[in-house]
Amino acid sequence: MRTTQIPRTDLAPSAICMGSSNFGNGIAPADAYALLDAYVTCGGNFIDTAAVYANWLPGEKNSSEKTIGRWLAKSGQRSRIVLATKGAHPELATMHISRMSPAEIVDDLNTSLRNLQTEWIDLYWLHRDDTARPVAEIIDTLHSQVVAGKIRYFGCSNWRVDRIAAAQAYAAERGITGFVGNQMRWSLAEIDPAAVGDPTTVAMDDETLAYHQGTGLAAIPYSSQAGGYFQKLAEGSEIRPGQQKTYGTAANRSRAARLQTLAGETGYSVSEIVLAYLTNQPFATIPIVGCRTVAQVEDSMRAGDVRLTSEQMAWLAKGDGQSE
Ligand SMILES: NC(=O)c1ccc[n+]([C@@H]2O[C@H](COP(=O)([O-])OP(=O)(O)OC[C@H]3O[C@@H](n4cnc5c(N)ncnc54)[C@H](OP(=O)(O)O)[C@@H]3O)[C@@H](O)[C@H]2O)c1
C-alpha cells in the first residue's frame, strides 16, 4: 500500500484511512477489532475517530474511541498507527449550540486521550466550526496543546474555505504550523447539499478545491465512497432511500456508467476506482472509508495502489452536459 506524505508534517500514513463512526455501538467491539485487524493486515496505519462517534446509538458513551483504545492496548499497534480524533462537536441534542471555547476544546481532548488510552494524538481535528469565534483564539488553543505534547498536528473538519484561509493567515503571522489538513464530505459522487440532513457539515466545492490546489493543504475526505452508492448500482443492490435522495442524480448515474466502463477496461473494481479518484488528486488526499465488513475493508484497501491517468480522472468526473 502506498503512503501519502501530509505536507508540513512528518506524517506519511497509508493512502486509505480507516473510519470508525459506529464502532462499539452499532458495530460490536469484536467486529470492530476484526475490521481493524483486517485494515492493518492490508497495510493500513491511519485511523479516524471522534469523541462523539456512536453516541447517537444506544450503549456506551464515546464507544468508538473507547473501542479503538482497547484494540490499541491489546494489539500493541499504537506506535505504528497514525491516530486521528476529533473534538469540539456540539451536543447531539443541541446541534445549534457550539462547543468551541478554549476550555471545551481542551476538555474534549483530555477525554479523548483517556478513551484512546494514549498520551498523544497524531492529528487532532476540530469537528465543527463556530464562525462567531475568532480564528486567533482557536489556533492559539490548539497550538498550546501541541506545545504541551498532547497533539502532534491539528486540522479542521466542516469548515468553510474563507475561515480556513483566515486561520492559516493567522498561523503564518505567528510563525506556527496551523491546520495541516481539512476533512470534508467528498467523493466522486455529486451531492445535493439540501439533501444532506446536517447543515453543520461542509462538502468540497469548487472554491475549496481551488484552495487545496493552490496551497497544497491535505484533504482527508469522509463519505468518500458515497456510502457504497456506485458499488451498489454496479451490483444491482438496493439503494437506500436516504442515499437515493443524496446521490440519486442523473449526473451520478452517468458517472456510475463510466465507472463500470473503466472497471471493465482496466480490471479494477468499482470501489478501487471510486477511491482512486481521490488518491490521484494533484494534492495530498487520503480518503476515509467507512467499512462494515472485512470483505469491504479488503476491497477498499486495494485502491491504495491504483493509478489513474489525468484523462481518466477528467472523464470520470465530467458533468452531464459534456460530450463523451
Ligand atoms: N468529519 C465528519 O464530520 C465526518 C462525517 C462522517 C464520517 N466521517 C468519517 O468518515 C468515515 C467514513 O464515512 P462514511 O461511513 O460516510 O463513508 P463511506 O465509506 O462513503 O460509506 C460507508 C458505507 O459504504 C459502504 N461500503 C464501504 N466499503 C464498501 C465496499 N468496499 N464495497 C461496497 N460498499 C462499501 C457500506 O455500506 P453498507 O453498510 O450499505 O454495506 C458502508 O456502510 C466515518 O467512519 C468517519 O470516520 C467524518
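# Exercises on a predicted model

Leaving aside neighbours within four places in sequence, Ser187 is in contact with Ser223, Ser224, Gln225, Ala226, Tyr277 and Leu278. The exercises below concern a predicted model.

## Exercise 1: Ser187

Determine where Ser187 lies, whether Ser187 is buried or exposed, and which backbone atom its side chain reaches.

**Solution.**
1. Locate the residue: Ser187 belongs to the loop that joins β6 (179-183) to α6 (206-215).
2. Apply the cut-off: buried means under 20% relative accessible area. Ser187 has 9% relative accessibility and therefore counts as buried.
3. Examine the side chain: that of Ser187 reaches the backbone nitrogen of Ala189 at 3.0 Å.

## Exercise 2: Helices α4 and α5

Describe the packing of α4 against α5 by angle, axis distance and handedness, and list the residues that meet.

**Solution.**
1. Choose the descriptors: two packed helices are described by the angle between their axes and the distance between the axes.
2. Read the geometry: α4 (residues 135-147) and α5 (residues 161-174) have axes 9 Å apart and pack at an angle of about 60 degrees.
3. Classify the arrangement: α4 is therefore oblique to α5.
4. Assign the hand: the crossing of α4 past α5 is right-handed.
5. List the partners: from α4 come Val135, Ala136, Ile138, Ile139, Asp140 and His143, which meet Arg163, Ala166, Ala167, Tyr170, Ala171 and Arg174 of α5.
6. Sort by class: eight nonpolar, one polar and three charged residues form the contact of α4 with α5.

## Exercise 3: Arg163

Establish whether Arg163, in helix α5, is buried or exposed, and which residues it touches beyond those up to four places away in sequence.

**Solution.**
1. Place the residue: Arg163 is part of helix α5.
2. Assess accessibility: Arg163 counts as buried because its relative accessibility is 11%, and the limit for buried is under 20%.
3. Collect the contacts: not counting residues up to four places away in sequence, Arg163 touches Asp129, Asp130, Thr131, Arg133, Pro134, Val135 and Ile138.

## Exercise 4: Helices α9 and α12

Characterise the orientation of α9 relative to α12 and the composition of their contact.

**Solution.**
1. Read the geometry: the axes of α9 (residues 250-266) and α12 (residues 310-317) cross at roughly 150 degrees and come within 8 Å.
2. Classify the orientation: angles over 145 degrees count as roughly antiparallel, so α9 is roughly antiparallel to α12.
3. List the partners: Arg255, Arg258, Leu259, Thr261, Leu262 and Thr266 of α9 meet Gln312, Trp315, Leu316 and Ala317 of α12.
4. Sort by class: the contact of α9 with α12 comprises five nonpolar, three polar and two charged residues.

Notes: Residues numbered from 1 in each chain as written. Predicted model: local features only at pLDDT ≥ 70, side-chain atom pairs only at ≥ 80, totals over all residues. Heavy atoms only, no water. Helix = DSSP H or I, 4+ residues; strand = E, 2+ residues; numbered from the N terminus. Buried < 20%, exposed > 50% of the residue type's maximum accessible area, 1.4 Å probe, protein only. Polar contact = N/O pair within 3.5 Å; in protein donor to acceptor, adjacent residues only side chain to side chain. Contact = heavy atoms within 4.5 Å. Axes fitted to C-alpha atoms, helices over the stretch in contact; angles between N-to-C directions. Parallel < 35°, antiparallel > 145°, perpendicular 65-115°, else oblique. Left-handed = near helix turned anticlockwise from the far one by under 90°. Nonpolar A, V, L, I, M, F, W, Y, C, P; charged D, E, K, R; others polar.
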